[in-house]
Amino acid sequence: MKNNKISDLHTHSIHSDGSNTPEEIVKKALQQNIVNLALTDHDDIEGSKEIIKLNSKEINIYSGVELTIKYKQGRMHLLGYNFDVHNEDLNRVLKAIKENSIYNVLLYLELLKKDYNIAFPEEELNNLLSIKGNIGRPQIALLLIKYNYCKNVDECFDRYLKPIYEKTRTLKKGITLEEGTSLIHNAGGVTSLAHPNSLNYSMEEFASLMPYFISAGVDALETAHPNLSIHERQFFKEQALKYNLLESGGTDYHGIEIKPDIELGTGRKNDICIPEDALTLTKKIKNRYM
């Protein structure tokens with residue numbers, strides 16, 4: 001697959017919870033023969049602003065973001081693509097979300113201390129809260145590993161971060177699905193429901209909710225992702241086709257520190273490798289930053 005041109009529309013940089021800079025991601029994308037690329041940092045577009053300036057003849061770079069949506073199931077992620085990164089409303093809301101992310105991190109740190117007697121040095125907390133981009137659970141996981149509470153990120157989530165999430169999810173601030181899609185649409189972009197299996201619905205339940213997702217403004221489904229089984233990928237493709245939605249896809253690349261088993265462009269053990277023209281999303285929208 002190395003000699004074939006591929007797409008990756010789901011990646012993360014140091015501006016959210018990834019370990020690579022936008023420039024490093026572009027360099028890696030060139031090595032991987034990626035021709036369609038989007039940086040989709042969590043609730044942050046500063047990296048997207050950087051990466052579109054690095055565009056070259058070899059790569060078609062789309063603006064991107066992954067919005068955290070407050071949803072009855074607890075957590076939903078909405079991908080946005082091809083929007084105006086200078087849209088005032090979008091930038092204003094993302095600034096507010098950044099402030100909310102600090103509140104959420106402080107909530108986690110408080111419960112780590114209260115429930116597990118885990119506390120970090122003040123210097124570490126100051127460094128954490130001064131990070132430029134959005135901060136969240138992966139950064140807390142790295143601290144847990146650094147101070148030998150866990151061996152890897154998965155263990156951090158299983159032992160501490162997921163239980164705390166279940167305990168606090170009703171307290172967390174956030175935007176609704178309708179608010180998220182409106183933000184992206186008003187900035188000239190399109191939306192896609194990220195890794196739709198993460199909502200933990202059965203296929204029958206998800207199918208019954210499709211009319212709602214569409215009425216709320218979802219334009220596409222992510223049908224290629226390392227955490228989707230072959231059966232799930234086929235199911236979400238069928239749903240997209242049935243409702244005339246676009247398809248997006250990507251590796252959810254974070255870098256070696258956060259997700260060491262996920263490679264840019266190829267996913268987990270080459271389980272992604274999306275051919276250049278396979279995604280209807282890139283075929284049907286004109287990139288404003290070409």
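# A tour of helix pairs, a pocket and two sheets

Select helix H5 and helix H6 (residues 153-168): their axes come within 9 Å and cross at roughly 125°. That angle makes H5 oblique to H6. Look at the sense of the crossing too: H5 passes H6 in a right-handed manner. Keep in mind throughout that this is a predicted model.

**Stop two: the pocket beside H5**

Keep H5 on screen, residues 137-146, and add helix H4, residues 122-129. Each of these helices supplies at least two residues to the lining of the second largest pocket. Which helix gives the largest share of that lining? H5 does, with 4 residues.

Now display the pocket itself. Its volume is about 330 Å³. The lining of this second largest pocket consists of 15 residues. To centre the view, pick Leu128, Ile131, Gln139, Leu142 and Leu143, which lie nearest the pocket's centre. Colour the lining by residue class next. How many of its residues are nonpolar, polar and charged? The split is 6 nonpolar, 5 polar and 4 charged.

**Stop three: a second helix pair**

Hide the pocket and select helix H8 (residues 203-215) with helix H9 (residues 230-242). The two axes come within 11 Å and cross at roughly 20°. Angles under 35 degrees count as roughly parallel, and H8 and H9 are therefore roughly parallel to each other. The crossing of H8 and H9 is right-handed.

**Stop four: the five-stranded sheet**

Switch to a cartoon view and select strands E4 to E8. These 5 strands form an open sheet, ordered E4-E5-E6-E7-E8. Its pairing is mixed. Where does the sheet end? Its edge strands are E4 (64-69) and E8 (246-249), each of which pairs on one side only. Turn the view along the sheet: neighbouring strands are turned by 40° against each other on average, direction ignored.

Zoom in on strand E7, residues 220-224, and its partner E8. They run parallel and are joined by 4 bridges. For a marker in this pair, label Leu221 and Glu247: Leu221 stands opposite Glu247, which belongs to E8.

**Stop five: the four-stranded sheet**

Select E1, E2, E3 and E9. Here 4 strands make an open sheet in the order E3-E2-E1-E9, again with mixed pairing. Strand E3 (60-62) and strand E9 (274-275) are the edges, each pairing on one side only.

Finish at the E9 edge. Select strand E1, residues 6-8, together with E9. Do these two strands run parallel or antiparallel? E1 and E9 run antiparallel, and 2 bridges join them. Label Ser7 last, then look across to E9: the bridge partner of Ser7 there is Ile274.

Terms used. Residues numbered from 1 in each chain as written. Predicted model: local features only at pLDDT ≥ 70, side-chain atom pairs only at ≥ 80, totals over all residues. Heavy atoms only, no water. Pairing = 2+ DSSP bridges. 1 Å grid on protein atoms, 1.4 Å probe; cavity = no way out; pocket = protein on both sides within 12 Å on 5 of 7 lines; lining within 4 Å. Points joined across faces, edges and corners; volume = space filled by probe spheres on them. Nonpolar A, V, L, I, M, F, W, Y, C, P; charged D, E, K, R; others polar. Axes fitted to C-alpha atoms, helices over the stretch in contact; angles between N-to-C directions. Parallel < 35°, antiparallel > 145°, perpendicular 65-115°, else oblique. Left-handed = near helix turned anticlockwise from the far one by under 90°.
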